[in-house]
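Here's a quick briefing to keep beside you while you look over the chain. Have the sequence and the 3D view open as you read.

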Amino acid sequence: MGKKEKKERKLTKQELERKALFEEKKEKLIQQGYVYKNLSLDVVYANIMAVVFSLPFIVVLYSLFFLVNGDGEESFSFLQMYLFAIIILLLTVVHELIHGSVWGIFSKNHFKDISFGVIWSMLTPYCCCKNTLKKWQYILGGIMPMIVLGILPCIYAIVFCDFYVLLIGLLMVLGGGADLLICIKMIFYKSECKEVLFIDHPYECGFVVFEK
């Protein structure tokens, strides 16, 4: 099912350009003796597993809020709910900008290597780094949005008994679930090669590896 979906999904012009650039880089690295490994994930699978991987964090943070503050729930007005929806949309954009900001610092051509877009068929926004990164650089950029927009706001909400901020933080933790999945996969990826390069897949979720 996953492989079939990958073949059927029509790539955007931006994705096709990244694919062409990636294939050129891939050919050069293979000529230099690197072995190519595709460790990308199907987008549907990644979105499902995002819930699985973020759920433990959500349960712990939600439980801590009530352990510290008791019954801190409150009702929200229509205006507050409307603003809540706008905030979530804006933070979704900020989420991708944080990815790009961190990866752009470490990438060879800095922010020229960063590309943003949306897989509309999956309603999945993304940030893609078009150049190679070291493992710790990729992981730092991958997990940073979840920390900044999810974990830290939840800690604030627990300390200051702010249920509204807690809900925002929990949704941002959920939004970082796929990133967490990818980072865990990268952490547990072991290689006996001396040189290992990581790069975002040009149009799928996750990364590829070049090693020699």
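What follows is a short tour, from the overall build down to one patch on the surface.

Keep in mind that this is a predicted model. The protein chain has seven helices and five strands, and a nonpolar patch of about 640 Å² sits on its surface.

**Overall build**
- Going along the sequence, the helices and strands of the protein chain come in the order α-α-β-α-α-β-β-α-α-α-β-β.
- The C-alpha trace of the protein chain covers about 60 × 35 × 35 Å along its principal axes.
- If you look at contacts with a separation of 6 or more in the protein chain, 71% of them link residues 24 or more positions apart.

**Inside and outside**
- Out of the 212 residues in the protein chain, 43% are buried.
- The protein chain has an accessible surface of about 12,000 Å², and carbon and sulfur atoms account for 68% of that.

**Charges**
- The protein chain carries 22 positive and 20 negative charges, and the mean positions of the two sets lie 11 Å apart.

**The nonpolar patch**
- Which residues make the nonpolar surface patch? They are I147, V148, L152, I155, Y156, V159 and F160.
- One of them, V148, belongs to helix α5, which runs over residues 135-160.
- Is V148 buried, partly exposed or exposed? V148 counts as partly exposed because its relative accessibility is 34%, which falls between the cut-offs of under 20% for buried and over 50% for exposed.

Technical notes
Residues are numbered from 1 along each chain as its sequence is written. This is a predicted model: local features need pLDDT of at least 70, side-chain atom pairs count only at pLDDT 80 or more; totals for chains, interfaces and linings use all residues. Side-chain values use heavy atoms; hydrogens and water are left out. Patches are made of residues with over 30% relative accessible area and no salt bridge: like charges are joined within 9 Å, nonpolar side chains (Val, Leu, Ile, Met, Phe, Trp, Tyr) within 5 Å. Accessible areas come from the Shrake-Rupley method with a 1.4 Å probe; for residues, only the protein chains shown count as cover. A salt bridge is a side-chain nitrogen of Lys or Arg within 4 Å of a carboxyl oxygen of Asp or Glu. Helices (H or I, at least four residues) and strands (E, at least two) are DSSP runs, numbered from the N terminus. Buried means under 20% relative accessible area, exposed over 50%, partly exposed in between (1.4 Å probe, protein chains only). Contact means heavy atoms within 4.5 Å. Lys and Arg count as positive and Asp and Glu as negative; His and the chain ends are not counted. The place of a charge is taken as NZ of Lys, CZ of Arg, CG of Asp or CD of Glu.
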